[in-house]
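Student: Could you take a close look at one part of this model with me? I'd like chain B in a single connected account, going from its inside out to its partner.

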Amino acid sequence: MKYSSRLILKYKHAVLHILLIFFMGIFIFPLFWLFTSTFKPVNTIFRIPFEWLPEKWTLENIITGWNFFPGVSFTRLYMNTMYVTIVAVVATIFTASMVAFGFARLNFKGKKYLFIALLATMMLPSQVTLVPTYVIFKYLHLLDTLPALYIGAFFGGGAFYIFLIRQFIMGLPIEMDESAQLDGASTFRIFLQIIFPLCQPVLLTVFVFSFADNYSDFFTPLVFLNTVTKFTVPVGINMFLDDAGAGNVGAVIAMTTLSIIPLIIMYFFAQKQFMQGISTTGLKG
Amino acid sequence: MLMMDKRRNFEGFFFIGPWLLGFIVFTIIPVVVSLYLAFTDYNFFGKPNWIGLENFKKLFQSDTFWQSLRVTFTYAFLSVPLHLSTALLAAMVLNIKIKGIGFYRTVFYLPAFVGNSIGVAAMWRLLLSNDGAVNSILLSLGLQKIRFLNDINNVLYTIILIQVWVLGTAMLVFLAGLQQIPQELYDSAKVDGAGGFRRFRSITLPMLTPVIFFNLVMGIIGAMKVFTAGYVIAPKGGPAHASYFYVIYLYQEAFKYFHMGYASALAWVLFLIILFFTLLTFKSSKLWVFYEVEVKEGSK
């Protein structure tokens with residue numbers, strides 16, 4: 001009886017593995033196709049019968065795509081993107097944890113209402129503030145500049161990250177703060193030397209998500225940038241899709257693949273950490 | 001004592017200062033200005049003139065407005081349930097303790113992590129175009145081509161189905177929820193002779209309602225704000241505006257035609273719609289959301 005039930009379990013697991021691998025294949029197929037097509041000669045990409053792996057590997061698509069726009073290579077677009085992303089991520093991590101510390105540990109007038117206001121901003125669709133922000137940026141001379149894309153990060157970088165870090169700080173023992181205070185440490189030192197280093201796990205989560213958010217942000221640069229030399233990769237890809245059309249499908253595929261690779265690297269780099277992070281702290285739309 | 005309070009306030013406001021300043025400059029002021037602009041003919045280059053309810057009248061008479069609303073609602077009402085049910089199914093399967101489960105979870109979550117990027121939207125466009133990879137596979141198998149993207153009857157449903165691919169975020173939230181359910185409940189239900197479906201209906205589903213509720217709210221809000229998918233997968237809202245989402249309309253009115261007053265009115269209608277559905281979900285939650293952990297949370 002016991003033996004046969006174990007056998008059934010084993011059989012069930014085998015079926016489960018087969019099912020999971022089957023669906024995993026379907027899930028991975030689009031990316032697999034994109035990556036392999038990058039290295040196929042243009043005329044074989046949509047060949048019938050379908051080609052699973054390139055018969056002849058080539059770097060032609062990447063080279064054509066990289067220098068497709070006259071005067072602006074993708075080197076420029078990646079430099080712009082990396083610059084914006086790095087500044088935004090670093091600024092988010094510092095200002096968001098400062099604000100989170102304020103809400104988690106300090107007492108001040110109106111704190112309760114301000115915290116509710118913070119949470120309420122998560123419900124407000126950014127489209128409501130979009131037009132006035134555009135006008136404000138005009139007066140600040142930020143239209144068609146890269147700082148337009150990261151300036152928000154210097155103001156806490158978004159309610160969600162502040163909330164996430166604040167929840168984490170709330171879980172840290174307050175006794176540490178108190179004993180440091182007795183030893184004469186200032187509030188700023190307590191934040192910088194005790195709380196901030198202890199926040200490392202949640203900050204890694206914030207790092208990963210704000211990297212992905214900023215790196216793949218398409219709407220903001222689409223709205224605020226006009227000059228091609230200032231474009232980030234997402235708007236560059238969009239322009240590529242519009243201009244290149246059917247004639248240069250290979251190059252489009254190659255640039256699309258390259259644009260996803262940094263995200264995938266980031267994913268595998270931090271996968272374990274934030275898989276745990278997200279299942280314990282919950283959310284992220 | 002008073003000095004202490006003053007110092008405390010100063011320190012508190014110093015730390016939340018960055019956010020507070022941003023909140024005033026980039027939220028409060030824009031919200032007020034946006035509300036004002038919604039009642040003007042502002043076009044970015046001239047001065048705004050007060051025109052009362054004119055924008056809202058125009059909007060309700062615009063076919064494009066109703067079309068974009070129809071597209072967005074169809075998308076929301078089909079994609080959110082589809083998305084949540086597939087994510088729940090995936091979470092339940094990936095909650096089974098078998099070898100390599102961490103690997104499977106990693107793979108199934110990956111699309112959600114990269115899925116917001118334009119690269120992925122471009123990928124779908126290339127895969128599903130008329131001469132795209134999927135159609136070349138269909139032809140190789142001796143089947144007929146499907147016009148996924150350039151048929152006004154298909155394009156929206158194609159975009160809805162694609163959303164299944166990014167089920168990972170909802171799946172992880174469900175997984176976290178599933179792991180909170182005490183195993184004893186299942187064990188004693190088994191002893192009482194409850195079958196698999198019965199256990200799902202009477203234990204899993206009720207215990208997950210807070211998480212379903214959360215995913216539902218996030219799903220609706222997200223669905224009302226879709227932009228990249230509609231703008232990129234089928235170029236600029238698809239053939240005959242068949243996948244012309246609300247935010248695409250708003251974007252084009254504001255930044256292509258610089259009808260900024262009108263676009264502000266559109267933004268406020270969007271806000272009211274989102275508010276309505278969020279409040280509706282919150283109000284209805286009393287009827288179906290089951291909070292077992294309230295006591296535990298409170299004592300924390």
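Tutor: Gladly! A residue is called buried under 20% relative accessible area, exposed over 50% and partly exposed in between (1.4 Å probe, protein chains only). This is a predicted model: local features need pLDDT of at least 70 and side-chain atom pairs count only at pLDDT 80 or more, while totals for chains, interfaces and linings use all residues. Residues are numbered from 1 along each chain as written, chains are lettered from A and ligands numbered from 1 in written order, and side-chain values use heavy atoms, leaving out hydrogens and water.

Let's start with B:Phe23, which is buried at a relative accessible area of 13%. B:Trp19 is buried as well, at 6%. Both residues belong to helix α1 of chain B, residues 2-37 (helices are DSSP runs of H or I, at least four residues, numbered from the N terminus). They sit 4 residues apart, about one turn of the helix. Over all chains, the whole structure holds 73 aromatic pairs (ring centres of Phe, Tyr or the six-membered ring of Trp within 6.5 Å; planes under 30 degrees apart are stacked, over 60 edge-to-face, the rest tilted). The rings of B:Trp19 and B:Phe23 count as a stacked pair because their centres are 4.8 Å apart and their planes meet at 20°.

Rings also meet charges here (NZ of Lys or CZ of Arg within 6 Å of the ring centre and within 35 degrees of the ring normal). Within chain B, B:Lys58 places its charged end over the ring of B:Tyr262, 4.6 Å from the centre. Across the chains, A:Lys138 lies over the face of B:Phe44, 4.8 Å from the ring centre.

That brings us to the partner. The contact between the chains (heavy atoms within 4.5 Å) draws 91 residues from chain A and 92 residues from chain B. About 7,900 Å² is buried between chain A and chain B, 82% of it on carbon and sulfur atoms; this area is the accessible area (1.4 Å probe) that two parts lose on being put together, summed over both. On the chain A side, A:Phe27, A:Gln127 and A:Phe155 supply 9% of the area that chain A buries against chain B, more than any other three residues.

Two loop residues deserve a look at the backbone. B:Ala240, in the loop between α11 (228-233) and α12 of chain B, has a phi near 50°, positive in a residue other than glycine. B:Phe258, in the loop between α12 and α13 (260-288) of chain B, is no glycine either, yet its phi is about 55°. Their surroundings contrast: B:Ala240 is exposed at a relative accessible area of 66%, whereas B:Phe258 is buried at 19%.

Finally, how confident is the predictor? Chain B has a mean pLDDT of 89, with 96% of its residues at 70 or more (pLDDT is the predictor's confidence in each residue, from 0 to 100). Among the elements of chain B, helix α12 (residues 246-255) has the highest mean pLDDT, 96, and helix α14 (residues 294-299) the lowest, 44. Over residues 294-300 of chain B the pLDDT is below 50, and beyond near neighbours in sequence this stretch has 0 contacts in the model. For the complex, the predictor gives an ipTM of 0.88 and a pTM of 0.89.
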